[in-house]
Amino acid sequence: MTRTAGVATVTDADFDAVVLGADRPVLVKFTADWCGPCRQLAPVLSAMAAEEADRLKVVQLDVDTNPEITARYAVLSTPTLMLFRGGEPVTSMVGARAKRRLVQELDDALQDRPAR
């Protein structure tokens, strides 16, 4: 799987411990090697992981090698970004997006405000 700087890789085996058991919100990128938009999103997520490290953990999961988690959360498209807080998915976004838009969408979800 394509590595994204500053973004840890999770698997079916450790997803529950790393994501659901995290002490802060976790943004999961469901990705695949063959996914062009996933590669477009990589530098955005690297920047987010560095800039938001105090309030947000960013990880990625390869949908081709981790079918259990992919099916559990009904991920049908890549990239899918899913934000987990307190062990529950609180928002989901499909497709690559600009960093400014992603920050805005995450701010809404992290602050318990209704999405716009």
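This is a working chat about the fold, cores and local geometry of a predicted model.

User: What are the ground rules for this predicted model?
Analyst: Local features need pLDDT of at least 70 and side-chain atom pairs count only at pLDDT 80 or more, while totals for chains, interfaces and linings use all residues. Residues are numbered from 1 along each chain as its sequence is written, and side-chain values use heavy atoms, with hydrogens and water left out.

User: OK, the sheet. What is the strand order?
Analyst: The order is 1-3-2-4-5, in an open sheet of five strands with mixed pairing. Strands are DSSP E runs of at least two residues and helices are H or I runs of at least four, both numbered from the N terminus. Two strands pair if DSSP finds at least two bridges between them.

User: Which strands stand at the edges?
Analyst: Strand 1 (8-10) and strand 5 (88-94) do. Each has a single partner strand, so one side of each is left without a neighbour in the sheet.

User: And what does the twist average?
Analyst: From one strand to the next the twist averages 30°. Axes here are lines fitted to C-alpha atoms, for helices over the stretch in contact, and angles run from 0 to 180 degrees between N-to-C directions.

User: How many bridges join strand 1 to strand 3?
Analyst: Three, and the two strands run parallel. Ala-8 stands opposite Val-59 in strand 3.

User: How many join strand 2 to strand 3?
Analyst: Six, again with the strands running parallel. Lys-29 is opposite Gln-60 of strand 3.

User: How many residues of strand 2 are buried?
Analyst: Six of its six residues are buried. Buried means under 20% relative accessible area, exposed over 50%, and partly exposed in between, with a 1.4 Å probe and protein chains only. Val-26, Val-28 and Phe-30 point one way from the strand, and Leu-27, Lys-29 and Thr-31 point the other way.

User: Take Leu-27. Why does it count as buried?
Analyst: Because its relative accessibility is 0%. Leaving aside neighbours within four places in sequence, Leu-27 is in contact with residues including Leu-45, Val-58, Leu-83, Met-93 and Leu-106. Contact means heavy atoms within 4.5 Å.

User: What about Val-28, which residues is it in contact with?
Analyst: With the same sequence neighbours set aside, Val-28 contacts Phe-15, Val-19, Val-59, Leu-61, Thr-80, Leu-81, Met-82 and Phe-84.

User: Cores, then. Which residues touch the most other members of the largest nonpolar core?
Analyst: Phe-15, Val-19, Val-28, Phe-30, Leu-61, Tyr-73 and Phe-84, in a core of 17 residues. Helix 1 (15-20), strand 2 (26-31), strand 3 (57-62) and strand 4 (80-85) each give two or more residues to this core. Strand 2 supplies the largest share, three residues. A nonpolar core is a set of buried Ala, Val, Leu, Ile, Met, Phe, Trp, Tyr and Cys residues joined through side-chain atoms within 4.5 Å.

User: Which residues does the second core include?
Analyst: Val-44, Leu-45, Val-58 and Leu-106 are among its 16 residues, and this core is separate.

User: Where does helix 2 lie?
Analyst: Helix 2 (residues 36-51) lies across strand 2, strand 3 and strand 4, and runs at about 165° to strand 2. Helix 4 (residues 99-110) also packs on the sheet, touching strand 2, strand 4 and strand 5, and its direction makes about 30° with that of strand 4.

User: Which residues in helix 4 are buried?
Analyst: Leu-102, Leu-106, Asp-108, Ala-109 and Leu-110. Their cover includes strand 2, helix 2, strand 4 and strand 5.

User: Cysteines. Which ones form a disulfide?
Analyst: Cys-35 and Cys-38, with sulfur atoms 2.2 Å apart. A disulfide is a pair of cysteine sulfur atoms within 2.5 Å, and a search of the whole structure finds one. The link is right-handed, with 85° about the S-S bond, and both cysteines are buried.

User: Backbone oddities. Where is the cis peptide bond?
Analyst: Between Thr-78 and Pro-79, with omega about -5°. Pro-79 sits in the loop between helix 3 (67-72) and strand 4.

User: Which residue other than glycine has a positive phi?
Analyst: Ala-74, with phi near 50°. Ala-74 is in the loop between helix 3 and strand 4. Most residues other than glycine have a negative phi, and most peptide bonds are trans.

User: Is Ala-74 buried or exposed?
Analyst: Exposed, because its relative accessibility is 56%.
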